[in-house]
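Visitor: I would like a close look at one single part, please. Let's start at one of its ends.

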Amino acid sequence: MESPDRYSASLTEDGRYRLLVEAVIDYAIYMLDPNGTITSWNPGAQRLKGYTTDEIIGQHFSRFYSAEDRKDGLPARALETARREGKFESEGWHIRKDGTRFWAYVVIDPIHSPDGTVVGYAKITRDLTERRNSQLLLDQTREALTHSQKMEAIGQLTGGIAHDFNNLLMAVMGSLELMRKRLPDDPKLHTFLENALQGARRGATLTQRMLAFARRQDLVQEAIDIPALVRGMTDLLQRSLGPTINIQTQFPLVMAPAFADFNQLEMALLNLAMNARDEMPKGGEVIISAREETITENNRLRLPPADYVCLSVQDAGTGMDAETLRRASEPFFTTKGAGKGTGLGLPMVHGLTEQCGGRFVLQSAVGKGTTAEVWLPVAKPKLPGVEKALQIMQTRTDQESLVVLAVDDDALVLTNTVAMLEDLGHIGVAAASATEALEILRTRDGIDLVITDQAMPQTTGLELIQSIKAQWPQLPVILATGFAELDRGAGVGVPKLAKPFTQADLAREILDATGNPARQDQSSIIQFRQGAAS
């Protein structure tokens, strides 16, 4: 019997090579003749591609390529490249015996005879599908993170701009409203004034959309019956979309309520429906539907596991290419002509859903239409006694004309606020800072209400309110804010007056904060006076 050493020594170089190739099972290693016909087949090739040696020897190696690659002549080019350049390397989809595809890394080396003639090729194939999928997932995660950071930065910038713009609009709208009451009865002057007010209101609407995108608006979230909301909007939607658009609704017989702001969700749905109409200039069908879905861990929406309601608006319009789809939710990005869109409709929907704890998803392709999905959390049942507690909190007591301390570091806003208060029959006291406001409260008796701005130097409005509550716990306060300067979750339970506010808004908020049923609904009085003046 031969010893192992003698056995090893007796192996030829070709034999050792064959043992090595036969031992490899993670790589497909096989030989081709000069024409690409398979002449050898190792166990790794059988494991990777699914063919036995008897099935594949004598077949052309091009059968492993996709039909597209074969039509494009890739197998022939691979052999030619290997012959000409000494090696061919590539990655691409290859086909197994069962028809499944895998992502393969391929190396083809030419085999030369002693005189330099190419007598065949050595081909090595490795399955990189798992690694490719992991890399794609990593790239998608990085892209999502980058997009999220970008949108957050844009949101902060947008919120800051909205805050400053709100203060400017406050001064403009307040002054115009007070002027309207004092102008002589000149129709032309009143027409100019109404035009100016209309422009200021459009500016206010623009800032609200900016704040919605920045997720800095004040939401009143409640349980919303989505089918009922849509049914209640049907006439409005049909009038807005026009006669060439047919609205179809698809809802389950029973579904859970969504947790969102009713008014903001109505505006979001109207925005999406009008976008769908614009995608179908010759008319067509808009499908509004909703469904419930339970989201689990590691979902494509990156939502916390919970129950959600998905409200969708689908059209059969022109659709969007990949680049347009990627940028569709960015503020001020629009494909509509000049004057036909602000580029804030979809960003507003995006901001609303994010602030409500949901997600906004757009799916679109050129020529295949667009589907917009608004994912919102299912509303949780209210705890017993909540409604009664709210009623107790809203109990009002009789009061007469008020002494109101207005606090704002912007002189234009402060002047207008005091003027509007006095025009309502109150006594307005002005303070340009939190420090001045506290000093007035300490030295002057009879302050019935404080209205304070939020964004002020040194001391914010919320910090001022904390100081007031510590020393004068019964004194009502209102926070006047554009919400852009408030951190999420800040100021819960504090009455808020959204900037820019009208005199009617101011009257209504004072009434709510002080609980004064003895005074008539001053917002109605304001509207009556305005109507008479015009």
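Which residue caps the N-terminal end of α10?

Guide: D261 does: one of its side-chain oxygens lies 2.9 Å from the backbone nitrogen of Q264. A polar contact is a pair of N or O atoms within 3.5 Å; within protein, one must be able to donate a hydrogen and the other to accept it, and residues adjacent in sequence count only if both atoms are side-chain atoms.

This is a predicted model, in which local features need pLDDT (the predictor's confidence in each residue, 0 to 100) of at least 70, side-chain atom pairs need 80 or more, and totals for chains, interfaces and linings use all residues. Numbering starts from 1 along each chain as its sequence is written, and side-chain values use heavy atoms, without hydrogens and water.

Helices (H or I, at least four residues) and strands (E, at least two) are DSSP runs, numbered from the N terminus. Helix α10 covers residues 262–278. Its 17 residues should span 24 Å, at 1.5 Å times one less than their number. The end C-alpha atoms are 25 Å apart, which agrees.

Q264 is also buried (under 20% relative accessible area, 1.4 Å probe, protein chains only). Other buried residues of α10 include L265, A268, L269 and L272.

Now look at what α10 lies across: β6, β8, β9, β10 and β11. It runs at about 35 degrees to β9. Angles go from 0 to 180 degrees between N-to-C directions, with axes fitted to C-alpha atoms, for helices over the stretch in contact (heavy atoms within 4.5 Å).

These strands form an open sheet, ordered β6-β8-β9-β11-β10, with mixed pairing (at least two DSSP bridges). The edge strands are β6 and β10. Inside the sheet, nine bridges join β8 to β9, which run antiparallel.

Notes: Buried means under 20% relative accessible area, exposed over 50%, partly exposed in between (1.4 Å probe, protein chains only).
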